[in-house]
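Thank you all for coming; I would like to walk you through one structure this morning, going from the overall picture down to single residues. Please have the sequence and the model open while I talk.

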Amino acid sequence: MALPHILKDFNLFGDGNNWQGQIPELTLPELSRRMVEYEGGGMEGPIEVDQGNELQEFEWVAGGMIVDIYDSYGSPIHDAAMLRMTGSYESDEDGEIIPVEIVMRGRHKTISMGDASKGDNNQISVTTTLSYFKLIVDGEEVIERDVPGYIFKVRGVDRLAERRAALGV
């Protein structure tokens with residue numbers, strides 16, 4: 001029998017600030033490809049043609065007020081907000097821990113200040129659209145996506161290198 005590695009804890013850093021204990025919830029970005037249906041003459045049916053990645057969003061919740069969140073809000077720069085999630089995935093079978101790190105750059109699309117009640121944990125919900133994403137698992141760079149840099153790597157293989165060369169960039 002094998003048991004999965006379960007996320008036992010995580011932390012979020014924003015623009016170099018350590019938000020340990022202040023972030024109760026994260027919705028990690030989805031990896032999704034934009035597919036377009038294509039069917040040409042002589043084909044038995046359609047296939048989907050890969051047109052690149054979909055827009056990525058990172059949704060997260062701050063437990064209470066973190067003023068630093070507002071520093072990059074409304075910035076004209078596409079990667080003004082830098083976020084880094086660190087996680088500890090642990091096996092209940094053998095105690096092995098797999099460190100996971102996700103580095104993200106983008107801009108805060110929404111900051112919902114939620115309901116305000118005396119004495120309540122007035123949470124702030126943030127949605128950040130991403131122009132850069134890197135997933136590192138146990139020290140290995142698994143996915144790196146730099147949209148304006150036209151870079152898309154999977155386990156060290158740059159899947160856009162030949163296209164960049166063909167375009168002369």
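Before I count anything, let me say that helices and strands here are DSSP runs, a helix having at least four residues and a strand at least two, numbered from the N terminus. What we are looking at is a predicted model. Counted in that way, the protein has twelve strands and one helix, and if you follow the chain from the N terminus, the order of elements reads β-β-β-β-β-β-β-β-β-β-β-β-α.

Let me turn to the overall dimensions. The radius of gyration is 19 Å, whereas a compact globule of 169 residues would have one near 15 Å. Taken along the principal axes, the C-alpha atoms fill a box of roughly 70 × 50 × 35 Å. Of the 169 residues, 33% are buried, and the protein exposes about 10,500 Å², with carbon and sulfur atoms supplying 50% of that area. If we consider the contacts with a separation of 6 or more, 56% of them are between residues 24 or more positions apart.

With that background, I would like to look at one strand in particular. How much of strand β6, residues 56–62, is buried? Five of its seven residues are, so β6 is largely enclosed by the rest of the structure. Its pairing can be followed strand by strand. Strand β3, residues 25–27, runs antiparallel to β6 and is joined to it by three bridges, and within this pairing L26 stands opposite W60 of β6. Strand β9, residues 124–137, also pairs with β6 in the antiparallel sense, over seven bridges, and here A62 has I124 of β9 as its bridge partner. As a general remark for anyone following the side chains on screen, in a regular strand they alternate between the two faces of the sheet.

Staying with β9, please find K134, which belongs to that strand. Is this lysine buried or exposed? K134 has a relative accessible area of 15%, and because buried means under 20%, K134 counts as buried. Leaving aside residues up to four places away in sequence, K134 touches E101, I102, V103, E141, I143 and E144. With one of these, E141, there is a polar contact of 3.3 Å between the side chains.

That brings me to charged pairs more broadly. Side chains of opposite charge can pair when their charged atoms come close. By the distance rule used here, the count comes to nine salt bridges, and I will take you through three examples, including D79 with R105, where the closest N and O atoms are 3.6 Å apart. D79 sits in the loop between β6 and β7 (81–91) while R105 is in strand β8, residues 97–112, so this pair ties together parts that are 26 residues apart in sequence. D79 is partly exposed at 21% relative accessibility, and R105 is likewise partly exposed, at 29%.

E101, which we met a moment ago touching K134, forms a salt bridge with R84, the closest N and O atoms lying 3.3 Å apart. This pair links distant parts of the chain, with E101 in strand β8 and R84 in strand β7, 17 residues apart. E101 is partly exposed at 23% relative accessibility, and R84 is partly exposed at 25%.

Another example is D158 with R164, whose closest N and O atoms are 2.5 Å apart. In this case the arginine, R164, is buried, with a relative accessible area of 16%.

Finally, a word on the backbone, where two residues deserve a look. D15, in the loop between β1 (5–14) and β2 (17–18), has a phi near 50 degrees, a positive value in a residue other than glycine. R155, in the loop between β11 (151–154) and β12 (157–158), also has a positive phi, of about 50 degrees, although it is not a glycine. Which of these loop residues is exposed, and which partly exposed? R155, with a relative accessible area of 55%, is exposed, while D15, at 38%, counts as partly exposed.

Definitions and conventions: Residues numbered from 1 in each chain as written. Predicted model: local features only at pLDDT ≥ 70, side-chain atom pairs only at ≥ 80, totals over all residues. Heavy atoms only, no water. Buried < 20%, exposed > 50% of the residue type's maximum accessible area, 1.4 Å probe, protein only. Pairing = 2+ DSSP bridges. Polar contact = N/O pair within 3.5 Å; in protein donor to acceptor, adjacent residues only side chain to side chain. Contact = heavy atoms within 4.5 Å. Rg over C-alpha atoms; globule rule 2.2 N^0.38 Å. Areas by Shrake-Rupley, 256 points an atom, 1.4 Å probe, with all protein chains shown as cover. Salt bridge = Lys/Arg side-chain N within 4 Å of Asp/Glu carboxyl O.
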